[in-house]
Each structure stands twice: as C-alpha cells, then as structure tokens.
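This briefing goes through one structure by topic: contacts, cores, sheets and aromatic rings. Please keep the sequence and the 3D view at hand while reading.

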Amino acid sequence: VQLQASGGGLVQAGGSLRLSCAASGRIFSINAMAWYRQAPGKQRELVALITTAGNTSYADSVKGRFTISRDNAKNTQYLQMNGLKPEDTAVYYCNAAPPITSHWGQGTQVTVSS
C-alpha cells in the first residue's frame, strides 16, 4: 500500500507549508514514521522521524524550522515546515522508518522560490 503525501506547493522563501500523510492503522501502530525528501540530482534523505511514543529527530538542515507530528487516532502524520529556504525544494515522501519499499508513494512537490 503506497503512502500518499499531500500539502506541497510553491512558496516564497521564509514561508510555511504543512504536509500530511495518512497511513493504515497497522503501519501506524507498529512503526516509527518519517518524512523523506529528494531534490533533483540528489539522493533521497531522511528529514524527520517520529516514534510510536512521540519522540522526534530531525536532519540538521531542518532543525528548528520543521516539526513532525502524528495523530494516532487518525493514523496521520504531519510535517509543519516554517522558514522555508530554496534548498528545501524537493519531492517530499512519507514512509515508515526504516522505510518499507512497497510503501513509497509519488510524494508531494515542495518548491521554494528565492
């Protein structure tokens, strides 16, 4: 089952976006969940992770600007992105952590203009 991220778009530098991703209850209840991103010409990277207990960790490049959260009742995770920079431009994906190959969706495009 592919996980579909939504909420991307075009925003000016310094702006904000909130990404969402709904997952099945089974995946959500037993896995840490994460947001990943892939910029053109670069490898996919882990952006933020949240455990089933709600503990979080972030890539150094987004610390203090991005916040990952999860709503266990809705089996949904979110990524609040503030202070966006042009280097945040990428396709953003949600998946478990570590990722489950069959669950990669098409992602959502985030474009930050300078």
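**Around F66**

Leaving aside its neighbours within four places in sequence, F66 is in contact with R37, V47, Y58, L79, Q80, M81, N82, L84, D88 and Y92. The model is a predicted one. F66 is also among the residues with the most contacts inside the largest nonpolar core, and that core is described next.

**Nonpolar cores**

- The largest nonpolar core has 28 residues.
- Those with the most contacts inside this core are M33, W35, V47, F66, L79, M81 and Y92.
- Two or more residues each come to this core from β3 (17-22), α1 (25-30), β4, β5 (45-50), β7 (66-71), β8 (76-81), β9 and β10.
- Of these elements, β9 gives the most, with four residues.
- A second core of eight residues is separate from this one, and L49, Y93, A97 and W104 are included in it.

**The six-stranded sheet**

- Six strands make up an open sheet, ordered β2-β10-β9-β4-β5-β6, with mixed pairing.
- At the edges are β2 (9-12) and β6 (56-58), each of which pairs on one side only.
- Neighbouring strands of this sheet are turned against each other by 25° on average, direction ignored.
- β9 and β10 run antiparallel and are joined by three bridges.
- Across this pair of strands, V91 stands opposite Q109 in β10.

**The four-stranded sheet**

- Another open sheet is formed by four strands in the order β1-β3-β8-β7, and its pairing is antiparallel.
- Its edge strands are β1 (4-6) and β7, and each pairs on one side only.
- From one strand to the next, the twist averages 20°.
- Six bridges join β3 to β8, and these two strands run antiparallel.
- R18 has Q80 in β8 as its bridge partner.
- R18 also lies over the face of Y78, at 4.0 Å from the ring centre.

**Aromatic rings and W104**

- Two aromatic pairs are found in a search of the whole structure.
- One of them is formed by Y36 and W104, which meet edge-to-face, at 5.1 Å centre to centre and with 75° between the planes.
- Y36 lies in strand β4 (residues 32-38) and W104 in the loop between β9 (90-97) and β10 (108-113), so this pair ties together parts that are 68 residues apart in sequence.
- Both partners, Y36 and W104, are buried.
- Y93 and W104 form an edge-to-face pair as well, with 5.8 Å centre to centre and 85° between the planes.
- This pair links distant parts of the chain, eleven residues apart: Y93 is in strand β9, and W104 is in the loop between β9 and β10.
- Y93 is buried, as is W104.
- Through these ring pairs, Y36, Y93 and W104 are linked into a cluster.
- R44 lies over the face of W104, at 3.9 Å from the ring centre.

**H103 in the loop**

- H103 is placed in the loop between β9 and β10.
- Is H103 buried or exposed? H103 counts as buried because its relative accessibility is 8%, and the cut-off for buried is under 20%.
- Not counting residues up to four places away in sequence, H103 touches V1, Q2, L3, I27, C94 and N95.

**V11 at an edge strand**

- V11 has its place in strand β2, which is one of the edge strands of the six-stranded sheet.
- V11 has 13% relative accessibility and therefore counts as buried.
- Which residues does V11 touch, not counting those up to four places away in sequence? They are S16, L17, L84, T111, V112 and S113.
- L84 is also in contact with F66.
- From C-alpha to C-alpha, V11 and V47 are 19 Å apart in space, with their places 36 residues apart in sequence as the separation.

Terms used
Residues numbered from 1 in each chain as written. Predicted model: local features only at pLDDT ≥ 70, side-chain atom pairs only at ≥ 80, totals over all residues. Heavy atoms only, no water. Phe/Tyr/Trp six-rings, centres within 6.5 Å; stacked < 30°, edge-to-face > 60°. Buried < 20%, exposed > 50% of the residue type's maximum accessible area, 1.4 Å probe, protein only. Lys NZ or Arg CZ within 6 Å of the ring centre and 35° of its normal. Pairing = 2+ DSSP bridges. Axes fitted to C-alpha atoms, helices over the stretch in contact; angles between N-to-C directions. Core = buried A, V, L, I, M, F, W, Y, C linked by side-chain atoms within 4.5 Å. Contact = heavy atoms within 4.5 Å.
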